[in-house]
Amino acid sequence: MIEILVGSLIGVWGFTEAVETKAPAPGTVNITQPVTAMPLRESVVIEPLSQQQFRNVIRQAYDYSCGSAALTTLLDYFLGRNLEERQVMEGLLQFGEADKIVERRGFSLLDMKRFVTALGYKSGGFRASFNDLDGLEHPAIVPIEYAGFKHFVVVRDVYNDHVFVADPALGNISFTRTRFEEVWDQNVLFVIFPNGNEPPSALALSERDLRLVDDRTVSLLAFREFPQITKFIDNQATELGSGGDIQYIRRK
């Protein structure tokens, strides 16, 4: 009897040594492939689609915070800062027009300019053509009007007549040129000029990004997760001008 018990214990010990029995890490899937007489077993880590979609994009924490999330995306993944959206929101409130921010429940390009100036960057708001956007060497924040909502996104680049966008609500998406020109609000863009000491931009396009998403898919997905995005109307601040001069315009 004792011999049987000892033999069983030795057998269990040998099995645990020969076979991986530890709990796998989150996202790990074990795959067995019968490619030889002895099946080949390996572990692969599967990245959730949500992580792929929001790679290098700050997801807006609130329905009204697309402006602060877009600015945080630009500061972190283009300029190499390490900020959270909450910190950027606090900076926008401190250096922007706090009373107007509260009134319209959102941030303007003028608020962004004042905050990034406090961080030591030059910036400017401009009216631009599509060719101007195509020729930009840096990503830029642009306002869009899409599905009835005013919204801020980061234009990462233009490639093969597609506009690649880091959207705080939808993640990494792309528009055809025609569709983007339809939703681009007043052809306004906001550019932050780097100081020259920044790391390589994490917003640069990769092969993964160049798997274009057609506009119909974007239309079907648009704002499903954020149906209550605040309309930036009436009191929305837009930033216009030339040579970096900014005007604050109250819509009527």
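## Salt bridges, helix H6 and a pocket in a predicted model

At 47% relative accessibility, Arg-86 counts as partly exposed, a class that lies between buried (under 20% relative accessible area) and exposed (over 50%), as computed with a 1.4 Å probe on protein chains only. The model is predicted, and for that reason local features need pLDDT of at least 70 and side-chain atom pairs count only at pLDDT 80 or more, whereas totals for chains, interfaces and linings use all residues. Residues are numbered from 1 along each chain as its sequence is written, and side-chain values use heavy atoms, with hydrogens and water left out.

**Salt bridges**

The structure holds seven salt bridges, each being a side-chain nitrogen of Lys or Arg within 4 Å of a carboxyl oxygen of Asp or Glu. Three of these pairs are set out below.

| Acidic residue | Basic residue | Closest N to O |
|---|---|---|
| Glu-90 | Arg-86 | 3.2 Å |
| Asp-111 | Arg-104 | 2.6 Å |
| Asp-185 | Lys-150 | 3.2 Å |

The pair Asp-185 and Lys-150 links distant parts of the chain, for Asp-185 lies in the loop between helix H8 (177–183) and strand E8 (188–193) while Lys-150 belongs to strand E5 (residues 149–159), 35 residues apart. Helices (H or I, at least four residues) and strands (E, at least two) are DSSP runs, numbered from the N terminus. Both Asp-185 and Lys-150 are buried. Salt bridges that share partners also join Glu-84, Arg-86 and Glu-90 into one network. Within that network, Glu-90 and Arg-86 are four residues apart in helix H4 (residues 85–95), and are therefore separated by about one helical turn. An α-helix has 3.6 residues a turn, so residues three or four places apart point the same way. Glu-90, at 45% relative accessibility, counts as partly exposed, as does Arg-86 at 47%. By contrast, Asp-111 and Arg-104 are both buried.

**Helix H6 and its start**

Where does Asp-111 lie, and which residues of H6 are buried with it? The buried residues of H6 are Leu-109, Leu-110, Asp-111, Met-112, Lys-113, Phe-115 and Val-116. Because seven of its 10 residues are buried, H6 is largely enclosed by the rest of the structure.

Ser-108, in the loop between H5 and H6, is buried at 0% relative accessibility. At the start of H6, a side-chain oxygen of Ser-108 reaches to within 3.3 Å of the backbone nitrogen of Leu-110. The side chain of Ser-108 is also joined to that of Arg-104 by a polar contact of 3.3 Å, a term for a pair of N or O atoms within 3.5 Å in which, within protein, one must be able to donate a hydrogen and the other to accept it, and for which residues adjacent in sequence count only if both atoms are side-chain atoms. Arg-104 thus takes part both in this contact with Ser-108 and in the salt bridge with Asp-111.

**Positive phi values**

Arg-105, in the loop between helix H5 (98–104) and helix H6 (109–118), has a phi near 55°, a positive value in a residue other than glycine, and is partly exposed with a relative accessible area of 42%. Asn-56, in the loop between helix H2 (49–53) and helix H3 (66–77), likewise has a positive phi, near 60°, and is partly exposed at 24%. After H6 comes Gly-120, whose phi is positive, near 100°.

**Ser-123 in strand E3**

Ser-123 is placed in strand E3 (residues 122–127) and counts as buried at 7% relative accessibility. Apart from neighbours within four places in sequence, Ser-123 is in contact (heavy atoms within 4.5 Å) with Lys-113, Val-116, Phe-190, Val-191, Ile-192 and Phe-193. Lys-113 and Val-116 are among the buried residues of H6.

**The second largest pocket**

About 180 Å³ of space lies in the second largest pocket. On a 1 Å grid over the protein atoms alone, a pocket is an open set of points with protein on both sides within 12 Å along at least five of seven lines, and lining residues have an atom within 4 Å of a point. Of the 15 lining residues, the closest to the pocket centre are Glu-137, His-138, Pro-139, Arg-156 and Asp-157. Helix H7 (130–134) and E5 are the elements that give two or more residues to this lining, and the largest share, four residues, comes from E5. By kind, the lining divides into nine nonpolar, two polar and four charged residues, where Ala, Val, Leu, Ile, Met, Phe, Trp, Tyr, Cys and Pro count as nonpolar, Asp, Glu, Lys and Arg as charged, and the others, Gly among them, as polar.

Terms used. 1 Å grid on protein atoms, 1.4 Å probe; cavity = no way out; pocket = protein on both sides within 12 Å on 5 of 7 lines; lining within 4 Å. Points joined across faces, edges and corners; volume = space filled by probe spheres on them.
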